[in-house]
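Please open the model in a viewer and keep the sequence panel at hand. The tour proceeds by selections, each followed by a description of what is found there.

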Amino acid sequence: MNRREFVVGGLTLSAGTRIGAAAAESGPVTRVIFPFAAGGSGDMLCRLLANYFPALLDRSVIVENRTGGDGLIGIRAVKGASPDTSTILVTTGPTMYLLPMVEAEPSFDLNRDFMPVSLLARFEFGVVTGPAVDARDFKQFVAWLKANPSKATFGVPSNGTIPHFTGSKLEQVLGIPLTRVAYRGSAPAITDLIGGHLPFAIVTIADAIPQHRAGTVKILAVSSAERSPFLPGVPTLKESGVDLVADGWYGMWLPAASSQQFAKQLSAAVVASLAKPDVREKLSAIGLIPVGTTPEGLTQELAADTALWQPIVKATGYKITY
């Protein structure tokens with residue numbers, strides 16, 4: 001498995017973009033580095049925040065995309081940046097805690113190389129079936145798996161992701177051998193579900209909700225701690241008998257040795273921006289749940305997720321080789 005095959009579960013962003021005319025004016029300029037390409041909800045999240053930050057922080061804000069290396073190019077750019085308030089990292093939480101677990105030689109130390117700012121927004125994953133599976137709910141789905149072990153195959157957006165390791169946990173809890181098929185994103189997996197070529201998949205629910213509502217696929221369970229506000233009628237994995245909470249989220253960091261005062265100021269700006277009704281409405285429309293925390297809140301989230309996923313990832317033996 002090479003690095004290109006490891007894409008941490010989440011959504012993507014675009015090439016460096018200047019936000020607003022204020023960015024061209026004189027005065028302090030802060031770059032928001034997002035390490036993925038354009039096209040997903042992360043792009044809108046960064047741009048919405050960047051629209052409000054100039055007034056709240058009294059500085060110009062530029063969204064700059066450093067793509068490549070499955071997030072590592074952007075992460076390294078911030079790791080090596082001057083801690084002078086000029087550079088911010090926004091990326092998915094799973095990128096930050098899974099990469100050090102699966103790299104044979106970790107490229108960064110989260111605690112040593114970065115200063116936490118805020119957890120920004122959450123997104124959720126779901127267990128999704130297609131017409132190949134005759135099951136109306138998760139209990140019937142498990143019965144189908146047990147009755148059809150040769151067909152117990154599931155799709156994931158990529159290897160090395162939260163869906164990948166959620167499947168490993170399902171295999172362990174249910175005691176049913178499962179065959180994983182890695183796709184290049186959620187869309188081709190959902191296409192195969194609809195066509196009956198794939199029994200089930202674990203994908204971001206935002207990608208499957210339109211087909212779920214159209215009746216071409218079924219989201220049988222969501223991976224969040226509570227039922228999704230987007231699918232209140234669908235139970236969680238925990239409600240379905242699988243003791244696992246597996247969600248994704250976006251977070252914000254500064255280079256290590258940055259000003260703690262600036263980190264707190266930035267965190268307050270995040271919380272204020274995400275509290276605005278128009279921001280919440282726009283993020284909810286694309287499947288993001290706005291959060292906003294203190295730096296301590298982000299640290300606690302990372303510690304909890306690392307403790308949760310480390311034994312699961314270790315048990316799989318999965319590693320990126322170079």
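The stops below begin with the whole chain and then turn to individual elements and residues.

**The whole chain**

Display the full chain as a cartoon, bearing in mind that this is a predicted model. The protein contains 11 helices and 11 strands. Of its 322 residues, 54% count as buried. If contacts between residues at least 6 apart in sequence are considered, 78% of them join residues at least 24 apart.

**Helix α6**

Select residues 162-174, which form helix α6. The helix has 13 residues, and the distance from its first C-alpha to its last is 18 Å, close to the 18 Å expected at 1.5 Å a residue. How many of its 13 residues are buried? The count is 10, and α6 is accordingly described as mostly covered. To see them, show the side chains of Ile162, Pro163, His164, Phe165, Thr166, Gly167, Ser168, Lys169, Leu170 and Leu174. Then move to the residue that follows the helix, Gly175, where phi is positive, near 70°.

**The crossing of α6 and α11**

Add residues 295-316, helix α11, to the selection. Two packed helices are described by the angle between their axes and the distance between the axes. Here the axes of α6 and α11 come within 10 Å and cross at roughly 80°. An angle of 65 to 115 degrees counts as roughly perpendicular, so α6 is roughly perpendicular to α11.

Which residues of α6 and α11 meet? On the α6 side, select Ile162, Phe165, Thr166, Ser168 and Lys169; on the α11 side, select Trp309, Ile312, Val313 and Thr316. Coloured by character, the residues of this contact divide into 5 nonpolar, 3 polar and 1 charged.

**His164**

Remain in helix α6 and centre on His164. This residue counts as buried because its relative accessibility is 2%. A polar atom of the His164 side chain lies 2.6 Å from the backbone nitrogen of Gly160. Beyond residues up to four places away in sequence, His164 touches Val156, Ser158, Asn159, Arg180 and Tyr318.

**Val156**

From His164, step across to its contact Val156, which belongs to strand β6 (residues 153-156). Is Val156 buried or exposed? Its relative accessibility is 0%, so Val156 counts as buried. Leaving out residues up to four places away in sequence, Val156 touches Pro163, His164, Arg180, Val181, Ala182, Tyr183 and Ile202. For a distance check, draw a line between the C-alpha atoms of Val156 and Thr166: these residues are 10 apart in sequence and 9.7 Å apart in space.

**Asp58 and Ser60**

Now select Asp58, in the loop between α1 (41-57) and β3 (60-65). Most residues other than glycine have a negative phi. Asp58 is not a glycine, yet its phi is positive, about 60°. With a relative accessible area of 66%, Asp58 is exposed.

Continue to Ser60, which is placed in strand β3. Its relative accessible area is 5%, and Ser60 is therefore buried. The C-alpha atoms of Ser60 and Ala50 are separated by 8.7 Å, the two residues being 10 apart along the chain.

**The loop between α2 and β4**

The last selection is the loop between α2 (72-79) and β4 (87-92). Three of its residues are visited in turn.

- Gly80 is found in this loop and is exposed, with a relative accessible area of 64%. Its C-alpha is 9.9 Å from that of Phe114, a residue 34 places away in sequence.
- Thr85 lies in the loop between α2 and β4 as well. Its phi is near 75°, a positive value in a residue other than glycine.
- Ser86 also belongs to the loop. Its side chain makes a polar contact of 3.4 Å with the side chain of Thr87. Apart from neighbours within four places in sequence, Ser86 is in contact with Val29, Thr30 and Arg31.

Notes: Residues numbered from 1 in each chain as written. Heavy atoms only, no water. Axes fitted to C-alpha atoms, helices over the stretch in contact; angles between N-to-C directions. Helix = DSSP H or I, 4+ residues; strand = E, 2+ residues; numbered from the N terminus. Parallel < 35°, antiparallel > 145°, perpendicular 65-115°, else oblique. Contact = heavy atoms within 4.5 Å. Nonpolar A, V, L, I, M, F, W, Y, C, P; charged D, E, K, R; others polar. Expected span 1.5 Å × (residues − 1). Buried < 20%, exposed > 50% of the residue type's maximum accessible area, 1.4 Å probe, protein only. Polar contact = N/O pair within 3.5 Å; in protein donor to acceptor, adjacent residues only side chain to side chain.
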